[in-house]
Amino acid sequence: MELVDTFEFISPETIRIKGTRVGIEVVIEKFLEGASPEEIQRHHPHLTFKQIYATITYYLFNQERVDAYIKAGHKRVEDAYEKQCQNPSSGVKRLMKIKEQREASGLQSREEISVCL
């Protein structure tokens, strides 16, 4: 079995661990934060040690390419967030209006609603 057989290369933007809905970036980012494979497995018990070690090994052998893949993913998320902030949905607009009304009336909510402003 080849190492790459552990993954599903769905598109240039999506690489998942085969048999899961988990992108390789989930395991790699935990690894880069200093988590051991055992810690990663505790947080993601649906992943096997074989899948975790294979993902780390794939990263170590393809570090430059995988770093670019992760960076591009972060950029897509940031761009989508900015687009959402510029064109909020009707539900978000409603929440923003409620927040403004509460602030204007001096009411304190138990939890702050965090929305794009």
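These legends go with a set of close-up views of one predicted protein model.

**View 1. The whole chain, from end to end.** Start by tracing the fold: this chain of 117 residues is built from five helices and two strands. Follow the chain from the N terminus and you meet the elements in the order β-β-α-α-α-α-α. In this predicted model, 27% of the residues count as buried. As for the outside, the chain exposes about 8600 Å², and carbon and sulfur atoms supply 53% of that area. Now look at who touches whom: take the contacts with a separation of 6 or more, and 43% of them come from residues 24 or more positions apart.

**View 2. The largest pocket.** Here we zoom in on a pocket with a volume of about 170 Å³. How do you spot empty space in a model? Rolling a probe the size of a water molecule over the atoms shows where such space is left. The lining of the largest pocket is made up of 16 residues. If you look for its centre, E25, Y69, G73, H74 and R76 are the residues that lie nearest.

**View 3. Who lines the largest pocket?** Three elements each give two or more residues to the lining: β2 (14–17), α1 (24–32) and α4 (63–86). Which of them gives the most? That would be α4, with six residues. Sort the whole lining by chemistry and you get six nonpolar, four polar and six charged residues.

**View 4. A salt bridge along helix α4.** The model has two salt bridges in total, and this view shows the one where the side chains of K75 and D79 meet, at 2.9 Å from N to O. Why can these two pair up along the helix? K75 and D79 sit four residues apart in α4, so about one helical turn separates them. Are the partners buried or exposed? Neither, quite: K75 is partly exposed, at 46% relative accessibility, and D79 is partly exposed too, at 42%.

**View 5. A salt bridge along helix α5.** Now move to helix α5, residues 90–105, where the side chains of K99 and E103 meet in a salt bridge of 4.0 Å, N to O. K99 and E103 are also four residues apart, which means about one helical turn lies between them. Check how each partner is covered: K99 counts as buried because its relative accessibility is 15%, under the 20% cut-off. E103, in contrast, counts as exposed because its value is 53%, over the 50% cut-off.

Terms used. Residues are numbered from 1 along each chain as its sequence is written. This is a predicted model: local features need pLDDT of at least 70, side-chain atom pairs count only at pLDDT 80 or more; totals for chains, interfaces and linings use all residues. Side-chain values use heavy atoms; hydrogens and water are left out. Buried means under 20% relative accessible area, exposed over 50%, partly exposed in between (1.4 Å probe, protein chains only). Contact means heavy atoms within 4.5 Å. Accessible areas come from the Shrake-Rupley method with a 1.4 Å probe; for residues, only the protein chains shown count as cover. On a 1 Å grid over the protein atoms alone, a cavity is a set of points where a 1.4 Å probe fits but cannot get out, and a pocket is an open set with protein on both sides within 12 Å along at least five of seven lines; lining residues have an atom within 4 Å of a point. Grid points are joined across faces, edges and corners, and a volume is the space filled by probe spheres set on the points. Ala, Val, Leu, Ile, Met, Phe, Trp, Tyr, Cys and Pro count as nonpolar, Asp, Glu, Lys and Arg as charged, and the others, Gly among them, as polar.
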